[in-house]
Amino acid sequence: MSTTTVSKLATALKLSSEKLILQLNDAGIDVTDKNDVVSNDQKLLLLNHLRGSHGTKSTASSAPKKLTINRRSQSELKLSGSFGRSRTVNVEVRKKRTYLKKETLIDQAKKELEEQKKLEQEKQKQIEEEIQNQKLESAPAEIINKNQSKISVTDKKPKDTSHKKDKGLKKKKRKNQVDEDPYLIKELHVKGKVKKRKKRKIRRSLSSAILDQAHTFEKPTSPVVKEVVIPEVITPQGLAQKLSMKVNEVITSMMNLGVIATANDNLDQETAILIVQEMGHKAVPMDERTVEDTLFDDGDDTYEKVDRPPVVTIMGHVDHGKTSLLDYIRKSKVVDKEAGGITQHIGAYSIVHKSNSITFLDTPGHAAFSSMRARGANVTDIIILVVAANDGVKPQTVESIEHARASVVPIIVAINKIDKPESDIEKVRNEMIANEIVPDDLGGDCLFVNISAKTGDGIENLLETIVLQSEILDLKASNEGRAVGVVIESGIESGKGAVATILITEGRLNKGDLIIAGEEFGKARILMDENNKELNFVTPSTPVKVFGLSSTPNAGDEIRVVSNEKQGKEISTLRKDRNRVNKLNDQKIIKMKNFMEQSMDSSKKTISLIVKADVQGSVEAIRDSLLKLSTDEVEVDIISSGVGGISESDINLATASNAFIIGFNVRADTGARKIIKESDVEIKYYSVIYETIDDVSDIIEGHATPIIKEEITGLAEVRDIFDSPKLGKIAGCLVTEGTVTKSSSIRVLRDNTVIYEGELESLKRFKDSVNKVKSGTECGIGVKNYNDVKIGDQIECYTKLEINQ
């Protein structure tokens, strides 16, 4: 049998011998030296002693009731210091955990229950004693004596009645309390109140359908007939939604009627009504103008009508002196009125003659601007027909007469250029009589005035005649209420967006009003006159420039003020959808017509064009003129037209459709120029409509030999402006593309729009005159007869080349 000494046991327990001797002595084992022998019984005794030191005392056979564990863990943490240095910190974590045995918790809970019961019994005894004392104090003295005598008797013969009272108390407790398990483990109470979670009460409400289930699933005794409102255009998918059925059923009914269409094809109103009636429902055609009627119903009849200025439109043939007449009227009236008395508005002017305001509209005289003259005749009160005394009646003169007759507007004939020696007034009068324009001195209703726009002869008489004619017409309009007007011209202005020149015919247009012009909706953010002066309101017969529309409206569209944004957007969406459907229908008709013509004659050619111009009126004039050039052999197809510079999308569209682009007073932007270099799209720039029509007609007729082509040789950007005592303003430029040559023709561009065409007067490099300046070089450019060059403008150099076809 091996013996275990104190030193061996200390080594096994990883303790020092001195500490183990102290623990053995505490356990009642007499040991003094490390070489003393320790028996197994002494080891067990030491173990029980150590277990008891952690918890309660235990015997040799029992386990400890409480166990405490101490743990230590060490780690290193690296921290970054200043100047890129780091330091290491030793971290020691100490954890202490105490575990209790289940039996100890049960014993502790039992003790708490017993103490609680004792406290309750003591409280109940105190309550009973207080009740008895109150009864004794309130009872009369006799009863007290009797009670005292009874008490004395009871003292003589005591009886043990404590067990009866205890039984009574137990019965009362059983009624109010539930017997608790004395061995039940209760929750240990922690400091602070513990909120008990309440059970959520679910409230259920019964719907009317559940309460009345007898009629919920009742089968209809007769077929359900729905009343469906049918708009002008609807798709089978939309029709199926209105009928609450599948689109396949609608298409089946359509096929039974012989209508073949997909779910997203457009159906006209008549076809949709037949389909609905075929399916057994009632169709009601919807009036598309019901939404717009709210706009027209708000009349201004309640406002008093006052005198308004006359709107005078000047018409006539090309170079008969229409603009010269207006220029002289403006010059002669500028002196009589302060600055701002004359308001110019892209062909619209307003002057004051002897306290009488007159608004003039200037219309182009070329045949291409027939639609613009027609719009001018529709909004005007008086038409002045200018006829040159040396030229007589011309085709556009006759056309202007027809426009005046169609609009039932009085005509004042102004025979111009009477200062020329070859003028023949009688010849002009006879030609006008031949066209049923009879002078008033011969019994007619037209006034004739002889004038000279150059010398000013007869101008005063002409203005007096206009005022007299306006007094006879008794022109009146209300200057209050919602404004109504007409779009004269529209375009895009750099930095401000879409702009529309309008003429108010009735009501009052205030700054900030919500307006709708054609299919474009917006807010009148800015009302501006020619002097760039902002106006707060505009009255009838006054031209004004309006900013704030969503896009450029078409010239001739009516403009109205709407009550709220919802109404304006609804009308705008309705009109856009209607125009889109009409365009799609027209395209289908044209495609079918072209298909039939191609099947009959496959030799017909098509010239595809894209037209971009600076204003809407020019776009419309060029488009109408080019479409009239189509012949039996060659057809002109305008793929796209719009206002503004030539963009990347225009180049991509021209590439896909094999078309060339016509730019009228506009240029391609920076992104479009990069694509042009990589593609073979041809762009033709024009500033005169005659040249545009002549070139396209030459292409159609095949006469274009030789072809004159413009080649852009260089492009310079204006960086600064310098004043020269000899040459005027000199533009300090940086050549960005190509080469600028002194002999080249130039154009001045502002926001990709041509504002001047001319020649170079001087080209200098520092102080030396040069003939050429290459790309990336700075130079000074003097433009001949033009001093309005600004920083940011572009000077474009080009040459004209003759190329044989």
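Trainee: What makes strands E12 and E13 a pair in this predicted model?

Mentor: Pairing takes at least two bridges. Strand E12 (residues 382-388) and E13 are joined by 6 bridges and run parallel, so they meet that rule. One place to look is Ile 383, which stands opposite Ile 411 in E13.

Trainee: What makes the crossover from E12 to E13 right-handed?

Mentor: The chain leaves E12, passes through helix H14 (residues 395-407) and arrives at E13. With the strands pointing away from you, a path over the helix that runs clockwise is called right-handed, and this β-α-β crossover is right-handed.

Trainee: Which strand follows in the next β-α-β unit with E13?

Mentor: That is E14: E13, helix H15 (residues 425-434) and E14 make a right-handed β-α-β unit.

Trainee: How do you know that E13 and E14 pair as well?

Mentor: Count the bridges again. E13 and strand E14 (residues 447-450) pair in the parallel sense over 4 bridges, and the rule asks for at least two. Ile 412 has Leu 447 in E14 as its bridge partner.

Trainee: Why is strand E13 called largely enclosed?

Mentor: Strand E13 covers residues 411-416, and 6 of its 6 residues are buried, so the rest of the structure largely encloses it. Both faces are covered. Ile 411, Val 413 and Ile 415 are buried on one side, while Ile 412, Ala 414 and Asn 416 are buried on the other. In a regular strand, side chains alternate between the two faces of the sheet.

Trainee: Now to another part of the chain. Why is Lys 612 called buried?

Mentor: The cut-off for buried is under 20% relative accessible area. Lys 612 has 8% relative accessibility, so it counts as buried. Lys 612 is found in strand E24. Leaving aside neighbours within four places in sequence, its contacts include Gly 642, Asp 650, Ile 662 and Phe 664.

Trainee: What makes E25 and E27 the edge strands of the sheet that holds E24?

Mentor: The sheet is open, with 4 strands in the order E25-E24-E26-E27 and parallel pairing. Strand E25 (634-643) and strand E27 (683-686) each pair on one side only. From one strand to the next, the twist averages 25°.

Trainee: How do you know that E24 pairs with E26?

Mentor: Strand E24 (residues 605-613) and strand E26 (residues 660-664) run parallel and are joined by 5 bridges, against a requirement of at least two. Ala 613 stands opposite Phe 664 in E26.

Trainee: Which helix lies across E24, E25 and E26?

Mentor: Helix H18 (residues 616-627) does, running at about 175° to E25.

Key
Residues are numbered from 1 along each chain as its sequence is written. This is a predicted model: local features need pLDDT of at least 70, side-chain atom pairs count only at pLDDT 80 or more; totals for chains, interfaces and linings use all residues. Side-chain values use heavy atoms; hydrogens and water are left out. Helices (H or I, at least four residues) and strands (E, at least two) are DSSP runs, numbered from the N terminus. Axes are lines fitted to C-alpha atoms, for helices over the stretch in contact, and angles run from 0 to 180 degrees between N-to-C directions. Contact means heavy atoms within 4.5 Å. Buried means under 20% relative accessible area, exposed over 50%, partly exposed in between (1.4 Å probe, protein chains only).
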